[in-house]
Amino acid sequence: MMIQIGKKPLALEFILDSVRNWDKRFLDKQFTFCHLHDEGLVLTDLPSYRKRDSQLDLSAINIKQIIFSKRFFKLELASRDQWSGVYPEFLVPFGPCPKKMIFRFAKQKESAELLRRFALEHQIEIKE
């Protein structure tokens, strides 16, 4: 069963991170939704990628850290040379953007708690 825990806010990267570190051309080519699944996280809806939706099943071993704030969380993925399994082809051309993906927590209050529990279970580094 998949539970939606986050949605991509528009242009939030420019607020929380230095603009010069982001390639603005590819902001529309990032995932829109983050779901929690039994085995890991599932990122969905990459409509700009070859004009079709995409899904990335993200194993806990490929998540470097999760940064929590009050209403948002930021996923930082392991670098390509440390990735376990096949590196997703649709992350390759987008530069640094997809390696740090920001999502707004879903409206359910337990979303943050579920993600925190998932991170602790799988020994993923947590930052506040």
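This note sets out numbered points on the fold, core and selected side-chain interactions of a predicted model.

1. Overall architecture. The chain contains two helices and eight strands. Read from the N terminus, its elements follow the order β-α-β-β-β-β-β-β-α-β. Of the 128 residues in the chain, 45% are buried. Contacts between residues at least 6 apart in sequence include a share of 61% that join residues at least 24 apart. The exposed area of the chain is about 7700 Å², and carbon and sulfur atoms supply 51% of that area.

2. The nonpolar core. The largest nonpolar core comprises 26 residues. Leu41, Leu43, Leu58, Ile66, Phe73, Leu75 and Leu115 are the residues with the most contacts inside this core. At least two core residues come from each of strand 2 (33-36), strand 3 (40-44), strand 4 (55-59), strand 5 (63-68), strand 6 (72-77), strand 7 (100-105) and helix 2 (110-121). The contribution of helix 2, four residues, is the most that any element gives to this core.

3. Leucine 43 within the core. Leu43 is one of the core residues with the most contacts. Beyond its neighbours within four places in sequence, leucine 43 is in contact with Phe31, Phe33, Cys34, Ser54, Gln55, Leu56, Leu58, Leu75, Met101 and Phe103. Two of these partners, Leu58 and Leu75, are also listed among the residues with the most contacts inside the core.

4. Pairing of strands 1, 2 and 3. Strand 1 (residues 3-7) and strand 2 run antiparallel and are joined by four bridges. Within this pairing, glycine 6 is placed opposite cysteine 34 of strand 2. Strand 2 is also joined to strand 3 by four bridges, again in an antiparallel arrangement. Here histidine 35 stands opposite valine 42 of strand 3. The connection from strand 2 to strand 3 is a hairpin through three residues.

5. Histidine 35. This residue belongs to strand 2. Is histidine 35 buried or exposed? Its relative accessibility is 12%, so histidine 35 counts as buried. The side chain of histidine 35 makes a polar contact of 3.3 Å with the side chain of threonine 44. When residues up to four places away in sequence are not counted, histidine 35 touches Met2, Ile3, Gln4, Ile5, Gly40, Leu41, Val42 and Thr44. Val42 is thus listed both as a contact of histidine 35 and as the residue opposite histidine 35 in strand 3.

6. Strand 6 and its pairing with strand 5. Six of the six residues of strand 6 are buried, so this strand is largely enclosed by the rest of the structure. Cover is present on both faces: Phe72, Lys74 and Glu76 are buried on one side, and Phe73, Leu75 and Leu77 are buried on the other. Strand 5 pairs with strand 6 in the antiparallel sense over five bridges. In this pairing, lysine 74 of strand 6 is the bridge partner of isoleucine 67. Three residues form the hairpin that joins strand 5 to strand 6.

7. Salt bridge between strands 5 and 6. The whole structure holds two salt bridges. In one of them, the side chains of glutamate 76 and lysine 64 meet at 3.6 Å, N to O. Because glutamate 76 lies in strand 6 and lysine 64 in strand 5, the pair ties together parts that are twelve residues apart in sequence. Glutamate 76 counts as buried at 13% relative accessibility, whereas lysine 64 is partly exposed with a relative accessible area of 46%.

8. Salt bridge at helix 2. The side chains of glutamate 128 and arginine 116 also form a salt bridge, at 2.6 Å, N to O. Glutamate 128 is located in the segment after strand 8 (125-127) and arginine 116 in helix 2, so this pair ties together parts that are twelve residues apart in sequence. Glutamate 128 is exposed, with a relative accessible area of 68%. Arginine 116 counts as partly exposed at 24% relative accessibility.

9. Asparagine 62. The loop between strand 4 and strand 5 contains asparagine 62. With 3% relative accessibility, this asparagine counts as buried. What does the side chain of asparagine 62 reach? The backbone nitrogen of serine 84 lies at 2.8 Å from that side chain. Apart from neighbours within four places in sequence, asparagine 62 is in contact with Leu77, Ala78, Trp83 and Ser84. One of these contacts, Leu77, is a buried residue of strand 6.

Key: Residues numbered from 1 in each chain as written. Predicted model: local features only at pLDDT ≥ 70, side-chain atom pairs only at ≥ 80, totals over all residues. Heavy atoms only, no water. Core = buried A, V, L, I, M, F, W, Y, C linked by side-chain atoms within 4.5 Å. Buried < 20%, exposed > 50% of the residue type's maximum accessible area, 1.4 Å probe, protein only. Contact = heavy atoms within 4.5 Å. Salt bridge = Lys/Arg side-chain N within 4 Å of Asp/Glu carboxyl O. Pairing = 2+ DSSP bridges. Areas by Shrake-Rupley, 256 points an atom, 1.4 Å probe, with all protein chains shown as cover. Polar contact = N/O pair within 3.5 Å; in protein donor to acceptor, adjacent residues only side chain to side chain.
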